[in-house]
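Reader: Hello! I am new to this structure and would love a close look at how one helix packs against its neighbours. Could you walk me through that part and then show me how it sits beside the rest?

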Amino acid sequence: MRGVPGHLGLAPGYLIALLAAITGLAFVVSLLVGPSGIGIDATGEARALIFNEIRLPRALLGALVGGTLGLAGAALQGYLRNPLAEPSLVGVSGGAALGAVLAIQLGLSHLWALALPVGGLAGAAVAMFAVVALAGARGGPVTLILAGLAVSSIATALISLALNLSQNPFASVEMVFWMMGSLADRSLPQLWISAPLMLLGCGLLLTLARALDALTLGEDAATSLGIDLRRTRFAVIAGTALSVGAATAVTGIIGFVGLIVPHMLRRLAQHRPGLLLPASLFGGASMLLTADVALRLVQPWVELRIGVLTALIGAPFFVWLVLKTRAEMAL
Amino acid sequence: MRSASIRRLAVGAAMAAFGQACCALADEPAPAPIRVVSLDLCTDQLLVELAPRDRIAAVTHLAADPAVSAIPEKARGIPITHGNAEDVLRYDPDLVLAGPFGVTSTVDLLRRLGRRVVVVALPQDLDGVRASVRAVAGAVAEAAKGEALIAELDQRLSLVAPPASPRPTALIYQVGGSVSGPGSLADAILTAAGLRNMSAAYRLSRGGQVPLESLIAKPPDLLVLASQEDDYRTALADNLRHPIIRRLRARGASVELPWRFWLCGTPHIADAIERLARVPIKARGQ
């Protein structure tokens, strides 16, 4: 695919600036939309509360979680050199949800607020290790998907078990919460505990640009270019676990963002995995913010879950990717 | 086990909220049963109130759970059934009481095995409560005691202060943002306490969820917080811990209404109604 004159001639700086501008716009629109119909022209205490305590954390979380998922998807695809890699498909999100569920069920999140995102990132890290060990960094797309399926099935089974054994009368509803994520009614305290870890993880993933560019030439060539493969591997696993773990612990699993965004932007990023990282960060943020605005505009009274929306868009896209991958493998 | 039964109960309550019409099955007169087993938290409570202890063979473990049962002390010490047919038969019951939801296969099986099963509806209003008291009282041949309970309930209801005009609005806000809509027992409790269920103002009918944002934009005169946030470890209770709820409670009237008061339609809903009616409310001037 490399060397195909497919890019649209947009300089890297302009591409990132454009995507950042779209993110900023989506962020502002997200602040202006909500089921109460209150806009910037409103006054009074209710308006301040709605903006500060409800819409602000929602928009900030939307941007951070979307950015995290887009970036993690781009990093996984670049590192594994596999177009089907994505946090939820390879089981990292499932592992994160399991970690968060355990943190809640064991009562740890009651004792220590950070236990929730830390549980999420621990679960994500375990899942990430398991997938890499099962599929191998050089495994083909099919092996990776199978490994991801195995890991997410285990995570789902254990989440069901934890909720089933708990004294929780809402176990089945809570299952939906974790499987189909949502940004609704999150609070600023929840943002404060998760944002630092997400930012740390994203920062770690963004340092991978040069390594991922070099890896397109193969591992030996990358090593000869001075890339430390063990450090790269650590940064991918730690960065994904931190960012996706903390994101999932607060919103539940939001699937397919990390799959769609890098694919949509790959051509604009000139097929350079390094450039695709920041592009997918902003692309993911603007996509999730836009989706969140859309579902509040379309059905302001029956709140559609954002995880349902991304799955509705993402699953057919995944089917298309599978067909495309199959066609390429047949060649 | 506990969670399965509570869930069954929660599902039952939800179904009732969705307006499943059902009626208690009246029973032909029979000799007073002496080994009664109950498979449902709501029939547990009615049974314990109506039948003497030595005629009760077993109830569910929920009957003694203070989080959901109005009579945990009275139920303590009664043998516990796990609710499946094999376990029920261990007690060789001459009467089995069940709720309308969740255990239908058990009920069918027990009936096929020749056991007498009475299914008691989940009440959706105060008349429904009276009907289920009569249904259980009739089944255990304690009709007089049933009428006495109903008379006591009516007596307590008659002492509730008459509603202000206009009625203050109230919203029963639960874990996950769900609210109780019209046609539910919770709605009837609000009405009996002189309040007006505000769930309709959010364009909701028969349950559903209210986003926090709508709650802030259009707060009810009385915010009723159902179920205590720390009872269960669940991510869904985050909405009850949201800073917005604290602000709302600081600004206007609010009250906690634990499940044990209103989950089941027993005469103890008078506790819930009296508790709601006692809250001083000043209108928010909507």
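**Helix packing, up close**

Author: Happy to. In this predicted model, helix α3 (residues 92-105) of chain A and α11(A) have axes that come within 8 Å and cross at roughly 55°. That angle makes α3(A) oblique to α11(A), and the crossing is right-handed. If you would like to find the contact on screen, look on the α3(A) side for A:Val92, A:Ser93, A:Ala96, A:Ala97, A:Gly99 and A:Ala100. Facing them from α11(A) are A:Thr240, A:Val244, A:Gly245, A:Thr248 and A:Ala249. Sorted by character, the residues of this contact are six nonpolar and five polar, with no charged ones.

Now stay with α11(A) and turn to another partner. The axes of helix α8 (residues 188-206) of chain A and helix α11 (residues 229-251) of chain A also come within 8 Å, but here the crossing angle is roughly 155°. An angle over 145° counts as roughly antiparallel, so α8(A) is roughly antiparallel to α11(A). This crossing is left-handed, whereas the one between α3(A) and α11(A) is right-handed. From α8(A), the contact takes in A:Gln190, A:Ser194, A:Leu197, A:Met198, A:Leu200, A:Gly201, A:Cys202, A:Leu204 and A:Leu205. From α11(A) come A:Ala235, A:Ala238, A:Gly239, A:Thr240, A:Leu242, A:Ser243, A:Ala246, A:Ala247, A:Ala249 and A:Val250. The tally for this contact is 13 nonpolar residues, six polar and no charged. Two residues of α11(A) are worth clicking on: A:Thr240 and A:Ala249 take part in the contact with α8(A), and A:Thr240 and A:Ala249 are also listed in the contact with α3(A).

Chain B offers a helix pair to set beside these. There, helix α2 (residues 41-50) and helix α6 (residues 126-139) pack at an angle of about 60°, with axes 10 Å apart. That makes α2(B) oblique to α6(B), and α2(B) passes α6(B) in a right-handed crossing. The residues involved are B:Thr43, B:Leu46, B:Leu47 and B:Leu50 from α2(B), together with B:Ser132, B:Val133, B:Val136 and B:Ala137 from α6(B). Six of these are nonpolar and two polar, and none is charged.

Some of those names return when you look at the largest nonpolar core. Of its 199 residues, B:Leu47, B:Leu97, B:Val136, B:Ile189 and B:Val224 touch the most other members. The largest share of this core, 16 residues, is supplied by helix α2 (residues 45-80) of chain A. Take B:Leu97 as an example: leaving aside residues up to four places away in sequence, B:Leu97 touches B:Val36, B:Ser38, B:Leu39, B:Asp40, B:Thr43, B:Leu47, B:Val118, B:Val120, B:Val136 and B:Ala139. B:Thr43, B:Leu47 and B:Val136, from the α2(B) and α6(B) contact, are among them.

To finish, step back to chain B as a whole. Chain B has 13 helices and eight strands, and buried residues make up 54% of its 286 residues. Among contacts in chain B with a separation of 6 or more, 66% join residues 24 or more positions apart. One residue to try is B:Ala237, in the loop between β7 (222-226) and α10 (238-241) of chain B. B:Ala237 is buried because 22 other C-beta atoms lie within 10 Å. From B:Ala237 to B:Pro33 is 204 residues in sequence and 42 Å in space, C-alpha to C-alpha.

How values were computed:
Residues numbered from 1 in each chain as written. Chains lettered and ligands numbered in written order. Predicted model: local features only at pLDDT ≥ 70, side-chain atom pairs only at ≥ 80, totals over all residues. Core = buried A, V, L, I, M, F, W, Y, C linked by C-beta atoms within 7 Å. Buried ≥ 20, exposed ≤ 12 C-beta atoms within 10 Å, placed from the backbone. Helix = DSSP H or I, 4+ residues; strand = E, 2+ residues; numbered from the N terminus. Contact = placed C-beta atoms within 7 Å. Axes fitted to C-alpha atoms, helices over the stretch in contact; angles between N-to-C directions. Parallel < 35°, antiparallel > 145°, perpendicular 65-115°, else oblique. Left-handed = near helix turned anticlockwise from the far one by under 90°. Nonpolar A, V, L, I, M, F, W, Y, C, P; charged D, E, K, R; others polar.
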